[in-house]
Amino acid sequence: MVYEANGNAQPLALGLRFLIYGRTGCIGGLLGKICEAQGIPFAYGSGRLEDRESLVDDIAAVQPSHVFNAAGATGPPHVDWGEFNKTETIKSNVIGALNIADVCREKGLPLIFYSTGCMFDYDSDQPIGSGIGFTENDSSNYSGFGSFYSKTKGMAEEWIKNYENVCILRVRMPLFSDLTHHRNFIKKITGYERVVNIPNSMTVLDELLPISIEMAKRNLTGIWNFTNPGVLTHNQVLEMYRDYVDPDFTWKNFSLEEEQAKVLDAAPRCNNELDSTKLKKEFPEILPIKESAIKYVFQPNKKKKVNLA
Ligand SMILES: NC(=O)c1ccc[n+]([C@@H]2O[C@H](COP(=O)([O-])OP(=O)(O)OC[C@H]3O[C@@H](n4cnc5c(N)ncnc54)[C@H](OP(=O)(O)O)[C@@H]3O)[C@@H](O)[C@H]2O)c1
């Protein structure tokens, strides 16, 4: 079904009509809400990414101007699922991701693909704390030994970047105003008994998902580090949570070695800084990560005492 939008007639005038994959997912769900708020007609795809004919059918039924792929195997409950479900993970993240890129190219459609920056790990060229981030020209340095999830994402990007109709967005550690959502990085780390304390690039979804819609309108393609400028450590995120939301909140830190040895029972996690210069140049209004987190995530939740248990 296509959800025709009310209110703002401008998108219709522009001929916008979005087909979105990932209806039940975090990013897909948020995208639908933004489209409704902006008055953009959209429909969720009912096909499975690995089933090419089902994608062709969706496109024929919806006649979209743009396709958004916010679907992927990420769990549940988290990416460790991929370690034990490798062929299912390949089906969605490699075969499926390639399928939809290929079908869209065949139909002359732009595709916005929400992928991940979780395919890079600090190394000697991009050391921790250096301010030197991985750029859009870098290929994954983590796919060989990291989690199986990261491996599928890194491999898919290597192929999909050759499709001139695709805009690949590398999302990382999403922060967003729904603090109760299990995919919110804040919900995740406030629930850990102990946390590491490492600077990372992060994506404030409340600010950047509308930017991704603007990217579609501008028909931007290629790879984009889809993170706010700068980095935040785990402790900085938790300090903001304590200062804005729950003054009684306390936490304990792990060393990285302890974290990986004791807490994670399957796959390692990567830490990195992504260079957001390209995104910032296209959208100068994008806020640095701390300012964005305060404006879009913590200030709206101020003293709400959200129950994250
Ligand atoms: N949120 C994060 O932490 C995060 C961080 C970085 C990058 N990303 C990337 O952003 C994308 C979306 O993430 P998310 O957090 O929104 O994921 P999510 O909440 O786990 O949702 C995944 C969505 O993908 C759908 N899906 C999975 N395999 C599919 C297939 N083969 N065909 C059709 N639909 C399929 C799921 O539907 P079913 O339940 O019906 O399978 C679900 O709607 C993923 O590619 C992820 O790698 C997310």
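Author: Buried means under 20% relative accessible area, exposed means over 50%, and partly exposed is anything in between, judged with a 1.4 Å probe and the protein chains only. The structure above is a predicted model, in which local features need pLDDT of at least 70 and side-chain atom pairs count only at pLDDT 80 or more, while totals for chains, interfaces and linings use all residues. Numbering starts from 1 along each chain as its sequence is written, and side-chain values use heavy atoms, with hydrogens and water left out.

Reader: Glad to be here! Is Glu-157 buried or exposed?

Author: Start with where to look: Glu-157 sits in helix H6, residues 148–160 (helices, H or I, have at least four residues and strands, E, at least two; both are DSSP runs numbered from the N terminus). Its relative accessible area is 1%. As that is under the 20% limit, Glu-157 counts as buried.

Reader: Which residues is Glu-157 in contact with, leaving aside its neighbours within four places in sequence?

Author: Contact here means heavy atoms within 4.5 Å. Ser-139 is 18 residues from Glu-157 in sequence, and their C-alpha atoms are 8.5 Å apart. Beyond its sequence neighbours, Glu-157 is in contact with Met-119, Asp-138, Ile-168, Arg-170 and Ile-223.

Reader: Now the nonpolar side. Which element gives the largest share of the largest nonpolar core?

Author: A nonpolar core is a set of buried Ala, Val, Leu, Ile, Met, Phe, Trp, Tyr and Cys residues joined through side-chain atoms within 4.5 Å. The largest one has 32 residues, and Phe-18, Ile-27, Phe-68, Tyr-114, Met-215 and Phe-226 make the most contacts inside it. Elements giving two or more residues to this core include strand S1 (18–21), helix H2 (26–38) and helix H8 (205–217). The largest share, 7 residues, comes from H8.

Reader: And how many residues does the other core have?

Author: That core lies apart from the largest one. Ala-43, Val-56, Leu-111 and Ile-223 are among its members. Its count of residues is 23.

Reader: I like charges. How far apart are the closest N and O atoms of the salt bridge between Glu-88 and Lys-91?

Author: Side chains of opposite charge can pair when their charged atoms come close, and a salt bridge is a side-chain nitrogen of Lys or Arg within 4 Å of a carboxyl oxygen of Asp or Glu. Glu-88 and Lys-91 both lie in helix H5 (residues 86–106), 3 residues apart, about one turn of the helix. Glu-88 is partly exposed at 36% relative accessible area, and Lys-91 is partly exposed at 34%. Their closest N and O atoms are separated by 3.8 Å.

Reader: Which residues do salt bridges that share partners join into one network?

Author: The whole structure has 9 salt bridges. One of them links Lys-161 to Glu-158 at 3.1 Å, N to O, and another links Asp-243 to Arg-242. The network joins Arg-52, Asp-102 and Glu-106.

Reader: Last stop, the ligand. How much of what the ligand exposes alone does the protein bury?

Author: The shell has 23 residues, with Thr-24, Thr-74, Tyr-149, Lys-153 and Arg-183 coming nearest (near means a heavy atom within 4 Å). Polar side-chain atoms of Tyr-149 and Arg-183 lie 2.5 Å and 2.6 Å from an oxygen atom of the ligand. Taken alone, the ligand exposes 890 Å², an area from the Shrake-Rupley method with a 1.4 Å probe. The part buried by the protein is 84%.

Terms used: Polar contact = N/O pair within 3.5 Å; in protein donor to acceptor, adjacent residues only side chain to side chain.
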